[in-house]
Amino acid sequence: MVGFVGAALISAFVAFPLLFALQLKNDVVRKMQENVTQAARYDSVTKTLNGTAFAAAVEHFIDRRKHVATDAGGIVIAVIVDTLDEIGRRYGPQWADTVMQSLALIVQSSVRRGDLVARLATNELGIFLPGATLENARDIGTRIRTGVSAATFSADGAALSVAIRLGGISFDGPADFNQLRQLADQMAFERGDESDDIPISALPAA
């Protein structure tokens, strides 16, 4: 009996460090998997969603609406920095990244809970407002413009001129993400430099 107890204690003494090491290894693997998942979904500079994850989320919303008739439509907004290329050429890409980081923070503080923000291109952020009204979108656009106007952008002590364009597209039926993004960009480039409003068009019903 004493020998059995002693053997059990020895086995436990040997097994515990092995189990502890295995648990540590599992924690490391889990953390690595989380990091990979994070990198696959988020832009490394702005910490917002990347274009692929953003498109998937919008398309999932659109697809869900086919089965849940009570869901409202939504609005996609493009936020484009006109002067980002100039900033990058003159001061270096790190300062262009800093501008996009600051802009992302302004946009994220301007949207509602549940809205999505993503980096769609080097100089462009996208916003998805599920179930939003035109008034919701225009209020958010005003907050973004106000935030950018109030912010101080500088590189090596020199003031930076940050000019943005806003444009949006609303939909209340079947839609394609690429079409929504293209139309939001089009509104931003055609009319998005207006300082007092955000131009939003409606996707024609299919």
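Two strands count as paired if DSSP finds at least two bridges between them. Strand 2 (residues 74-81) and strand 4 (residues 124-130) clear that bar, with 7 bridges in the antiparallel sense. The model is predicted. This briefing covers its sheet, the helix across the sheet, its aromatic pairs and one helix crossing.

**The sheet**

- The sheet is open and has 6 strands. Their order is 1-3-4-2-7-8, and the pairing is mixed.
- Strand 1 (49-50) and strand 8 (200-202) stand at the edges. Each has a single partner strand, so one side of each lacks a neighbour in the sheet.
- Strand 3 (116-121) runs antiparallel to strand 4, and 5 bridges join the two. They form a hairpin, with 2 residues between the strands.

**Strand 4 and its partners**

- Strand 4 sits between strand 3 and strand 2 in the sheet order.
- On the strand 2 side, I80 stands opposite E124 of strand 4. V76 has F128 of strand 4 as its bridge partner.
- On the strand 3 side, L116 also has F128 as its bridge partner.
- Is strand 4 mostly covered or mostly open? Strand 4 is mostly covered, with 6 of its 7 residues buried.
- F128 has 2% relative accessibility, so this residue counts as buried. The cut-off for buried is under 20%.
- In a regular strand, side chains alternate between the two faces of the sheet.

**The helix across the sheet**

- Helix 6 (residues 177-191) lies across five strands: strand 2, strand 3, strand 4, strand 7 (164-171) and strand 8.
- Helix 6 runs at about 135 degrees to strand 7.

**Aromatic pairs**

- Two values describe a pair of aromatic rings: the distance of the centres and the angle of the planes.
- How many aromatic pairs does a search of the whole structure find? The search finds 4.
- One of them joins F54 and F177, with ring centres 5.8 Å apart. Their planes stand at 75 degrees, so the pair is edge-to-face. Planes over 60 degrees apart count as edge-to-face.
- F54 lies in helix 2 (residues 51-65) and F177 in helix 6. The two are 123 residues apart in sequence, so the pair ties together distant stretches of the chain. Both F54 and F177 are buried.
- F61 and F128 make another edge-to-face pair. Their centres are 5.2 Å apart, with 70 degrees between the planes.
- This pair also links distant parts of the chain. F61 is in helix 2 and F128 is in strand 4, 67 residues apart.
- F61 has 9% relative accessibility, so this residue counts as buried.
- Ring pairs link F61 and F128 with F171 into a cluster.

**Where two helices cross**

- Helix 4 (residues 93-110) and helix 5 (residues 134-150) have axes that come within 9 Å. They cross at roughly 145 degrees.
- The crossing of helix 4 and helix 5 is right-handed.
- Which residues make the contact? Helix 4 brings L103, I106, V107 and S110. Helix 5 brings I140, R143, I144, G147 and V148.
- By class, this contact of helix 4 with helix 5 has 6 nonpolar, 2 polar and 1 charged residues.

Definitions and conventions
Residues numbered from 1 in each chain as written. Predicted model: local features only at pLDDT ≥ 70, side-chain atom pairs only at ≥ 80, totals over all residues. Heavy atoms only, no water. Helix = DSSP H or I, 4+ residues; strand = E, 2+ residues; numbered from the N terminus. Contact = heavy atoms within 4.5 Å. Axes fitted to C-alpha atoms, helices over the stretch in contact; angles between N-to-C directions. Phe/Tyr/Trp six-rings, centres within 6.5 Å; stacked < 30°, edge-to-face > 60°. Buried < 20%, exposed > 50% of the residue type's maximum accessible area, 1.4 Å probe, protein only. Left-handed = near helix turned anticlockwise from the far one by under 90°. Nonpolar A, V, L, I, M, F, W, Y, C, P; charged D, E, K, R; others polar.
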